[in-house]
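The following exercises concern a single protein model. Please study the sequence and the structure before attempting each task, and then compare your reasoning with the worked solution.

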Amino acid sequence: GLSAEAYRRHHEITVIGNHVPPPYTTFQSAGFPSEILRELQHAGFSAPTPIQAQSWPIALDGRDIVAVAKTGSGKTLGYLIPGFIHLKNLGSNSQMGPLVLVLSPTRELATQIQDEAMKFGRSSRISSVCLYGGAPKGPQLRDLSKGAHVVVATPGRLNDILEMKKVSLHQISYLVLDEADRMLDMGFEPQIRRIVKEIPPRRQTLMYTATWPKEVRKIAADLLVNPVQVNIGNID
Ligand code: ADP
Ligand code: MG
């Protein structure tokens with residue numbers, strides 16, 4: 001196979017950080033549990049996308065990541081699969097309260113992430129709930145009360161539910177900010193900061209963004225600890 005350097009060059013991956021592990025250029029090299037490998041095969045996927053190849057070994061090392069990659073690059077499984085393995089390593093049970101939180105800017109995107117989490121997490125017995133605005137809270141609160149390992153949420157609705165004390169984030173140890181640039185553009189920074197205040201600082205934080213302007217750099221600097229940065233393609 002290609003060396004790490006050659007693979008990165010070929011796929012326009014740049015990494016910034018100390019001792020960045022080499023990319024997983026095949027699914028087999030990732031050492032995933034067999035139920036996850038089966039789901040990937042079942043989906044008809046033949047190889048990791050570049051963002052997956054490079055972010056999986058970093059995330060599985062427990063390190064913080066900021067990844068800059070454009071839409072359609074396969075970011076969702078880039079953070080979900082290490083999140084599933086994180087749950088498995090913790091021997092988590094869904095009655096403990098959610099351990100993984102994914103923040104997403106819109107109902108549509110949150111729903112897509114939820115669908116991906118259900119599809120790829122099913123055989124690992126991972127349960128996930130999705131919380132978003134523009135819909136009644138009742139069914140979402142009912143789903144939450146049944147217990148879930150993963151919460152996928154828009155910042156506004158999660159903040160409302162937090163204020164109602166209907167969810168605790170004190171067990172969250174794996175936090176994903178997906179489409180961080182878009183969440184900031186939509187004015188969600190205050191809600192994000194309030195949510196993060198509820199999460200213990202001893203956590204792993206992954207931030208995914210399509211662009212890298214100074215507002216995103218600032219929140220990354222505030223919320224991530226010594227992150228590895230992964231860029232795919234040219235970033236501005
Ligand atoms: P992004 O979040 O970067 O916009 P998504 O995670 O939504 O991208 O992935 C885009 C599409 O690619 C989805 O339909 C997803 O199921 C598919 N996909 C993800 N990983 C792979 C892969 N390794 N090979 C082929 N398709 C993939
Ligand atoms: Mg996405």
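**Exercise 1. Determine which residues surround ligand 1, and describe them by class.**

Solution. The model is a predicted one.
Step 1. Reading along the chain, the surroundings of ligand 1 begin with Phe-45, Pro-48, Thr-49 and Gln-52, and continue with Thr-71, Gly-72, Ser-73, Gly-74, Lys-75, Thr-76 and Leu-77.
Step 2. Sorted by class, this shell holds seven polar, three nonpolar and one charged residues.
Step 3. Helix α4 supplies the largest share of the shell, three residues.

**Exercise 2. State the order of the strands in the open sheet, and explain why β1 and β4 each have one side without a neighbour.**

Solution.
Step 1. The eight strands follow the order β1-β8-β2-β7-β6-β3-β5-β4, and their pairing is mixed.
Step 2. Strands β1 (13–16) and β4 (128–131) are at the edges; each has a single partner strand, so one side of each lacks a neighbour in the sheet.
Step 3. From one strand to the next, the twist averages 15 degrees.
Step 4. For one pair in detail, take β6 (residues 174–177) and β7 (residues 204–209), which are parallel and joined by four bridges. Within this pair, Leu-177 lies opposite Met-207 of β7.

**Exercise 3. Identify the two residues that touch the most other members of the largest nonpolar core, and the helix that gives the most to this core.**

Solution.
Step 1. In soluble globular proteins, nonpolar side chains tend to be buried together.
Step 2. The largest nonpolar core has 66 residues, of which Ile-81 and Val-152 touch the most other members.
Step 3. The helix that gives the most is α4 (residues 75–89), with seven residues.
Step 4. Residues up to four places away in sequence being left out, Val-152 touches Val-102, Ser-104, Ala-110, Ile-113, Gln-114, Ala-117, Ser-128 and Cys-130.

**Exercise 4. Decide whether Phe-188 is buried or exposed, and find its contacts.**

Solution.
Step 1. Phe-188 belongs to the loop between α8 (180–185) and α9 (189–197).
Step 2. A residue is buried if 20 or more other C-beta atoms lie within 10 Å of its own. Phe-188 has 20 such atoms within 10 Å and is therefore buried.
Step 3. Apart from neighbours within four places in sequence, the contacts of Phe-188 are Pro-105, Pro-155, Gly-156 and Met-183.
Step 4. Pro-155 is 33 residues from Phe-188 along the chain, while their C-alpha atoms are separated by 6.5 Å.
Step 5. Pro-155 is itself buried, as are Arg-157, Leu-158 and Asn-159 in helix α7 (residues 155–163). The buried residues of α7 pack against β3 (100–103), β4, β5 (150–153), α8 and α9.

Terms used
Residues are numbered from 1 along each chain as its sequence is written. Chains are lettered from A and ligands numbered from 1 in the order in which they are written. This is a predicted model: local features need pLDDT of at least 70, side-chain atom pairs count only at pLDDT 80 or more; totals for chains, interfaces and linings use all residues. Two strands pair if DSSP finds at least two bridges between them. Axes are lines fitted to C-alpha atoms, for helices over the stretch in contact, and angles run from 0 to 180 degrees between N-to-C directions. A nonpolar core is a set of buried Ala, Val, Leu, Ile, Met, Phe, Trp, Tyr and Cys residues joined through C-beta atoms within 7 Å. A residue is buried if 20 or more other C-beta atoms lie within 10 Å of its own, exposed if 12 or fewer, and partly exposed in between; C-beta atoms are placed from the backbone. Two residues are in contact if their C-beta atoms, placed from the backbone, lie within 7 Å. A residue is near a molecule or strand if its C-beta atom, placed from the backbone, lies within 6 Å of it. Ala, Val, Leu, Ile, Met, Phe, Trp, Tyr, Cys and Pro count as nonpolar, Asp, Glu, Lys and Arg as charged, and the others, Gly among them, as polar.
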